[in-house]
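Q: I am new to this structure and would like a close look at one part of it. Could you take me through a buried charged residue and its surroundings, and then show me how that spot fits into the rest of the chain?

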Amino acid sequence: MPPSPPRPTPQTVAATRIAAGDDRTRYDDVAIALHWATVLLVILLFALSQTWDFAARPTRHLMIVAHMSFGILLALAVVARIAWRLMPGHQRPAALSGWVGIASKAVHWMLYAMLAAEAVLGFVLRWSGAEAMSFFGLLIPPPFAPFSKATHHQVNELHEWLGWAIVIAATGHALAALYHHLVLRDDVLWRMLPGRQARREEARAPSPDRAAG
């Protein structure tokens, strides 16, 4: 009989709970919808940015315009998520005390800050080259004079590097949630999945504390 896998230590559970941004609250339907819209937009934006160099010129232009349009949608989704989270009636007391609870919330706010900064850099990048932003055909002209080529290039690099940082952080966030779901079999992932099935599974799943014990 093969040996059973080693039991996760409390330190491992705490670390993955932090990475998963788990504050032990059940998310409402609006928060869940905004979360998954953000996930889809991040994947789509990253895929476009990494593949348009392989496309012919007309297609490449369409991909860049789509990237700008979806980027503005992502900025609106991030603003909506922050506003919804801060709105009275949607704030919940922290279920985790001490540094684990603080760090878990910090993961959420770190991702919000990175996404907001990336959106701002996207606007600045386009405008710094004296080009208008496009939102599904609606042109948004630059409100300031173009930057020097060197500064424009630096903004482009910052935008690209932050995009990679967001993808890496989001991947770690997702892997931590999957670790809780597949290994610890607790309710961390179920709380962010839509539908009645998710609510039923969350109610049946052991809490992270019981899984760690």
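A: Here is a walk that starts at Glu118 in helix H4 and then moves outwards.

A word on the ground rules comes before the tour. This is a predicted model, in which local features need pLDDT of at least 70, side-chain atom pairs count only at pLDDT 80 or more, and totals for chains, interfaces and linings use all residues. Residues are numbered from 1 along each chain as its sequence is written, and side-chain values use heavy atoms, with hydrogens and water left out.

Let us begin with the residue itself. Glu118 sits in helix H4, which covers residues 98–128; helices here are DSSP runs of H or I with at least four residues, strands are runs of E with at least two, and both are numbered from the N terminus. Glu118 is buried and yet has no salt bridge. Buried means under 20% relative accessible area, exposed means over 50%, and partly exposed lies in between, using a 1.4 Å probe and protein chains only. A salt bridge is a side-chain nitrogen of Lys or Arg within 4 Å of a carboxyl oxygen of Asp or Glu. For Glu118, the nearest side chain of opposite charge is that of Arg126, 14 Å away; in this count Lys and Arg are positive, Asp and Glu are negative, and His and the chain ends are not counted.

Which partners does Glu118 have, then? Its side chain makes a polar contact with the side chain of His159, at 3.4 Å. A polar contact is a pair of N or O atoms within 3.5 Å; within protein, one must be able to donate a hydrogen and the other to accept it, and residues adjacent in sequence count only if both atoms are side-chain atoms. A polar atom of the Glu118 side chain also lies 3.4 Å from the backbone nitrogen of Gly163. Setting aside neighbours within four places in sequence, Glu118 is in contact with Leu158, His159, Leu162, Gly163 and Ile166, where contact means heavy atoms within 4.5 Å.

Two of those names, Leu162 and Ile166, lead us on to the largest nonpolar core. That core has 13 residues, and Val42, Leu74, Leu115, Val155, Leu162 and Ile166 touch the most other members. A nonpolar core is a set of buried Ala, Val, Leu, Ile, Met, Phe, Trp, Tyr and Cys residues joined through side-chain atoms within 4.5 Å. Helix H2 (29–51), helix H3 (57–86), H4 and helix H5 (149–184) each supply at least two residues of this core. H4 gives the largest share, 5 residues. For a view from Leu74, look at the residues it touches beyond four places in sequence: Thr38, Leu41, Val42, Leu45 and Leu115.

Now for the charged pairs. The salt bridge rule gives a count of 2. In one, Arg126 pairs with Glu131, their closest N and O atoms being 3.7 Å apart; Glu131 is partly exposed at 38% relative accessibility. In the other, Asp53 pairs with Arg60, with closest N and O atoms 3.3 Å apart. Asp53 is exposed, with a relative accessible area of 57%, while Arg60 is partly exposed at 32%.

Let us follow the chain further. Ala176 lies in helix H5 and is buried at 4% relative accessibility. Its C-alpha atom is 5.8 Å from that of Ala19, although the two residues are 157 apart along the chain. Arg191 belongs to the loop between H5 and helix H6 (196–204) and is buried, with a relative accessible area of 3%. Arg191 and Ile32 are 159 residues apart in sequence, and their C-alpha atoms are 8.7 Å apart.

Two loop residues are also worth finding. Ala130, between H4 and strand E1 (133–135), has a phi near 65 degrees, a positive value in a residue other than glycine. Phe136, between E1 and strand E2 (138–140), likewise has a positive phi, near 50 degrees, and is exposed at 51% relative accessible area.

Finally, step back to the whole chain. Its 7 helices and 2 strands run α-α-α-α-β-β-α-α-α from the N terminus on. Of its 213 residues, 40% count as buried. Among contacts between residues at least 6 apart in sequence, 69% join residues at least 24 apart.
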